[in-house]
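Trainee: Could we go through how the helices in this model pack, and then look at what sits in the core?

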Amino acid sequence: MSARTSLHLAAEIGGPPHYDAGHYLRLARLAEDGALDYVTLGDSFARPGLDALAVLARVAPATDRIGLVPTVTTTHTEPFHVSSAVATLDWVSRGRAGWQADVSTTEAEARLFGRRPAAPPAALWQEAGEVADVSGRLWDSWEDDAEIRDAATGRFIDRDKLHYVDFEGSTFTVKGPAIVPRPPQGRPVTVIDATTAPAREAAARHADVVHIRATTPGQAVAVRDEVRRKAAAHGRDPGSLRVLVALTVDLGDVETAPEPGLESGPQLAGRGTYFRGGPVDLADLIAQWHRAGAADGFHLTPITPERDLERIVNGTVALLQHRSLFRTFHPGGTLREHLGLVRPASRYAAARTAAKEA
């Protein structure tokens, strides 16, 4: 199958907080056994738990192929540090890193930092988009061959291949360049949950992967088309976006009928569409929606990760593989390769080359 028609699958491995990295490592390895594109690990200032990015940095050297996508909150954090941390995860994982940008909306979370009050969602997502923008610029600020490492001459880097980003956003400025060399993927994969209108605007401008919520294939098509139209309006190739339907799944203890079309499924905190059924039911739904061209794939959040992820991998995924709808191995070594996304060139290297040729 081509990258444009391949089915993409990802899973959340969070849940009730665990303070043992081995718990997350076991789940990530299980997802890797199923050849899933990536796992996400949610995070928030509003709840206790380990730092998702740090946990997946621990998981990275103990896994080989699975993409690793922690949630990173862009509110109250320093964009330069966000960029450095995600670039580091890409190096540690040998090119399997992504990050899911999110915002912090409550006054209680703002008081944890004491730097500024809570802001409206539109302003927060504008800032999140700017963080994604400047992160990409910082990742580009080292050209791929900027490192010389010539012991004989004592030269470590070619300074002509390091670039100032000189970025000014609505709430911050960043001069650059980065302190971490350009990541293996060039730019780690940016994921945004486009449930709300402000998040959808940021996703259209900056995301590589967009998670959407939908209760019918028709609704999924409409949301996906809207995101791609917005991306095209910003000068992006809409075909370069991967749009995954986000689904919270409860596979239970027995095979049961799923909610018809998901229309009557209960909403979980307004953030996810709920599916209850068995592994075969879920495989049927995924196959039906994908064949209808409703989405590029699914992001599945198991309601009980220890139980449901095993049933997703050994039940749902195995059945999709048996039907030749999903791959049996990872097609490459990086997350971009799993998703069929090209490795972008550094914008500064391209500009320097164009200036030389002029």
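Trainee: What is the handedness of the crossing of H6 and H7?
Mentor: Quick note: this is a predicted model, so local features need pLDDT of at least 70 and side-chain atom pairs count only at pLDDT 80 or more, while totals for chains, interfaces and linings use all residues. Residues are numbered from 1 along each chain as its sequence is written, and side-chain values use heavy atoms, with hydrogens and water left out. A crossing counts as left-handed if the near helix is turned anticlockwise from the far one by less than a right angle, and as right-handed if clockwise. For H6 and H7, the crossing is right-handed.

Trainee: Which residues of H6 make the contact with H7?
Mentor: Contact here means heavy atoms within 4.5 Å. H7 brings Val 223, Glu 226, Val 227, Lys 230 and Ala 231. From H6 come Arg 200, Glu 201 and Ala 204.

Trainee: Are H6 and H7 parallel or oblique to each other?
Mentor: H6 (residues 197-206) and H7 (residues 217-233) pack at about 55°, axes 8 Å apart. Angles under 35 degrees count as roughly parallel, over 145 as roughly antiparallel, 65 to 115 as roughly perpendicular, and the rest as oblique. That's why H6 and H7 are oblique.

Trainee: Which helix gives the most to the largest nonpolar core?
Mentor: A nonpolar core is a set of buried (under 20% relative accessible area, 1.4 Å probe, protein chains only) Ala, Val, Leu, Ile, Met, Phe, Trp, Tyr and Cys residues joined through side-chain atoms within 4.5 Å. This one has 87 residues, and Leu 9 and Trp 99 are among those touching the most other members. With eight residues, the top giver is helix H5.

How values were computed:
Axes fitted to C-alpha atoms, helices over the stretch in contact; angles between N-to-C directions. Helix = DSSP H or I, 4+ residues; strand = E, 2+ residues; numbered from the N terminus. Buried < 20%, exposed > 50% of the residue type's maximum accessible area, 1.4 Å probe, protein only.
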